[in-house]
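Hello,

Here is the structure I promised to pass on to you. Please open it beside this email and follow along as you read.

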There are 4 protein chains.
Amino acid sequence: MSKPVCAVIGVCPGNGVSITKKFSDEGYAVAICSRNIEFLNKTSKKINNTHSFQYDATDLNAPEKVFSEITDQIGSIEVLVYNAGAGQFANIDNTTVESFQNAWEVNTRGLFTAVKAVIPNMRKNGKGNIVVIGATASLRGNVGTVPFASAKAAQRSLAQSLGKTLGPENIHVSYVIVDGVIGLDTTKKHMPDKQDDFFMDPDDIAESVFFLTRQPKSAWTFELDLRPFGEKW
Amino acid sequence: MSKPVCAVIGVCPGNGVSITKKFSDEGYAVAICSRNIEFLNKTSKKINNTHSFQYDATDLNAPEKVFSEITDQIGSIEVLVYNAGAGQFANIDNTTVESFQNAWEVNTRGLFTAVKAVIPNMRKNGKGNIVVIGATASLRGNVGTVPFASAKAAQRSLAQSLGKTLGPENIHVSYVIVDGVIGLDTTKKHMPDKQDDFFMDPDDIAESVFFLTRQPKSAWTFELDLRPFGEKW
Amino acid sequence: MSKPVCAVIGVCPGNGVSITKKFSDEGYAVAICSRNIEFLNKTSKKINNTHSFQYDATDLNAPEKVFSEITDQIGSIEVLVYNAGAGQFANIDNTTVESFQNAWEVNTRGLFTAVKAVIPNMRKNGKGNIVVIGATASLRGNVGTVPFASAKAAQRSLAQSLGKTLGPENIHVSYVIVDGVIGLDTTKKHMPDKQDDFFMDPDDIAESVFFLTRQPKSAWTFELDLRPFGEKW
Amino acid sequence: MSKPVCAVIGVCPGNGVSITKKFSDEGYAVAICSRNIEFLNKTSKKINNTHSFQYDATDLNAPEKVFSEITDQIGSIEVLVYNAGAGQFANIDNTTVESFQNAWEVNTRGLFTAVKAVIPNMRKNGKGNIVVIGATASLRGNVGTVPFASAKAAQRSLAQSLGKTLGPENIHVSYVIVDGVIGLDTTKKHMPDKQDDFFMDPDDIAESVFFLTRQPKSAWTFELDLRPFGEKW
């Protein structure tokens, strides 16, 4: 029997790779999607049952096109993880209208177009899972988060609308508030004074993302937060 | 001595006109801005001390251009009321990417560009007021509010960033959550079974908008909600 | 004609006195209520049209008893300002069950009993205003705010229930989130490195409290926040 | 080797029993605590590895006393689930001060005293889990939820303080917003027109409660919501 299919949009070092690994380990065929095809191909060699698809979240035609390729090649998408994120950390003075718009196109409009393209098959199958990776910035705007926070707030609102609409159709939409710094070589180098405990292990984030897709349907979570145990919040 | 200047973006029947009237009554010269120059000119004839400026909130060049005209003709803007709003009430299936984007351009990007253009003069003057008109949809997404709610959430997040940034520069940013249906001929005709009590009087909304610009600076409000006394919430 | 009556529960240096002064200036007879009768009598000598009533917010019988005295002596209460507050700033280890309970009795149960006692007359008069003074701690619990934050959250929830219940009866309930340090001799002495700008002037808070009681009923505010312009939030 | 110990406060038909069953299935010895010793003893016969302890959440001495019995008889508590709940659904007019206080004593003060009694051993062991069962009413007060919502809001605020305090000590505090009606014989009989899909299966709730105690510590959840897929929210 063929494996169920999980598509991860926004696969780059960190959450995207860890989520891919987790779903692969749990028996999924994983369609890994991002702009960087070289990184996808490298990742695909390291993780079993993964398939690379170049995907630009700001391209209005990408979802229809890529999702139909995925369906043809590995099967109908059962789980969609929307991990595409972008957004300068900048204040009102340092933010250009281009970067403000780009953050919204990647985080919010990209989710909108991906969902529009994925739900027809989920509806046909009578089930599905859409997990959106958000951030603390989804909850409030601060001085230095003008493009990112505004886009994430728009994304979260959209996810709420989707959850309320698609839940009764047996499509589970959930939103993950990641509240902490992911522990990558780059972030660790950038914050040399922080201990390992300070950082979030993306493999740990992936555990909760996967769990959301396994919740029995009489008790679904829409939103959960994730933060390292020592985080001040 | 010349009158202080208030610019109202998004003047159409309802809040925009009532806010204009209130600031005019309180001694301001009011720059009324919207796409519909005919409506502006008609309004301008009815309310003293108003000046019409054609303004398309989705036009990236409008703020710089129009605000410099306002400055030249009537003076430096002291109060900016951002009342531009748009957004179909539609669910995920009925929302096109164009209408989703348009809602964001009017509500969110339009606020971004207007604020970028207005703050240099406010900073020069060492003071200013920016009041943004939001809605209950700013707080959460529902089934039938996909474009509107997502854009309003993005707008509110941006307003939060602005408030935190500009407050210490003596520029007061505030956000008004309007939770109710404005009583206009159109809305009343559309809801013939509702009593007058059900509707919000836009003149009453204008009272609180004006009050926000008068709060003493040791006790500024960022956000307040407004709803009719009988509203279920 | 007799003056309208405002009762302020919790009159001590700061908000209570400033709110009293504001309502007195605006033509109200003000019933000032607190445990400290000496302070009330001193205050009463300084502010016109004020009347002292000893009142312990934790005493279950105080509201019925005192409000009927107020009604007899100066008239039916039109505006009730609930400013009683208490609550150690302490973490879970430093908080005794007694101080945890006391914070709740003053902030929450005291509001409950006061409202139960004041609404019969407001209903009879067909109108009324209840303004509750909250704090940032009403919105979230932190490490060092165990008794205070928990009590304030309970108080805010109760105020929400009251607002939804009493609004349609033309009784306006509102909740003020005070987010800053009140500038008193004691607080200024305690924070000698802070500039005057850092502190909230209680007279400025009183302006917004009074405004809430004047909002026209088609556009009532339930909640607003107040903070000094330079506050980080 | 002895089994790890989970204590469940508030074991009655529904969540309490299902959580007990789940932890028993996963290899825990479960201390089941409630006022109703007969029900506990009946439950204890049906579920393996359970031990009954009579426990009144409003009794200030219960936690110290019962937790030391648990420690002596089955071992040090590793997981505490606080499921004690009470609170009439009543509006301001129908709520007596006694029922208002009782709701707070069970939901809020009972959590406070239980946590004070359980943390010394958790600290000694360098780890622990505290899961608190909340409700939608924790988030807002409505007309008919005066005692319940106010108490739940106070409980949630306390849980937030606890999470921020105890996280860095490797004690994971989490809060579960149960947003739906539990499917019990009593609730189903009470709502005969609702389909089975309408109700939450308490076994499904228990899955998420258990998962919270298994999250790896670089990515802990403080709060998650749970609702049936068809719920309007």
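Between chain A and chain B, 24 residue pairs are in polar contact, both residues of each pair being at pLDDT 80 or more. A polar contact here is a pair of N or O atoms within 3.5 Å; within protein, one must be able to donate a hydrogen and the other to accept it, and residues adjacent in sequence count only if both atoms are side-chain atoms. Please keep in mind that this is a predicted model, where local features need pLDDT of at least 70, side-chain atom pairs count only at pLDDT 80 or more, and totals for chains, interfaces and linings use all residues. Residues are numbered from 1 along each chain as written, chains are lettered from A in the order in which they are written, and side-chain values use heavy atoms, without hydrogens or water.

Which elements give two or more residues to the side of chain A that touches chain B? They are helix H4 (97-125) and helix H5 (146-166) of chain A, where helices are DSSP runs of H or I with at least four residues, numbered from the N terminus. H4(A) gives the largest share, 13 residues.

The rule also finds two salt bridges across this interface, each a side-chain nitrogen of Lys or Arg within 4 Å of a carboxyl oxygen of Asp or Glu. In one of them, B:Arg123 pairs with A:Asp93, and the closest N and O atoms are 2.9 Å apart.

Now for the contacts and the area. In total, 36 residues of chain A are in contact with 36 residues of chain B, contact meaning heavy atoms within 4.5 Å. Together the two chains bury about 3,000 Å², 63% of it on carbon and sulfur atoms; buried area is the accessible area (1.4 Å probe) that two parts lose on being put together, summed over both. A:Ile92, A:Trp104 and A:Phe112 supply 21% of the area that chain A buries against chain B, more than any other three residues.

How are the two copies related? A rotation of 180° with 0.0 Å of shift along its axis superposes chain A on chain B, with an RMSD of 0.0 Å; the fit is by least squares on the C-alpha atoms of residues with pLDDT of at least 70 in both. That is the relation of a two-fold axis. The C-alpha of A:Ala154 is the one in chain A nearest the axis, 2.3 Å from it. Both copies use the same surface, as 100% of the contact residues of chain A recur in chain B.

Happy exploring!
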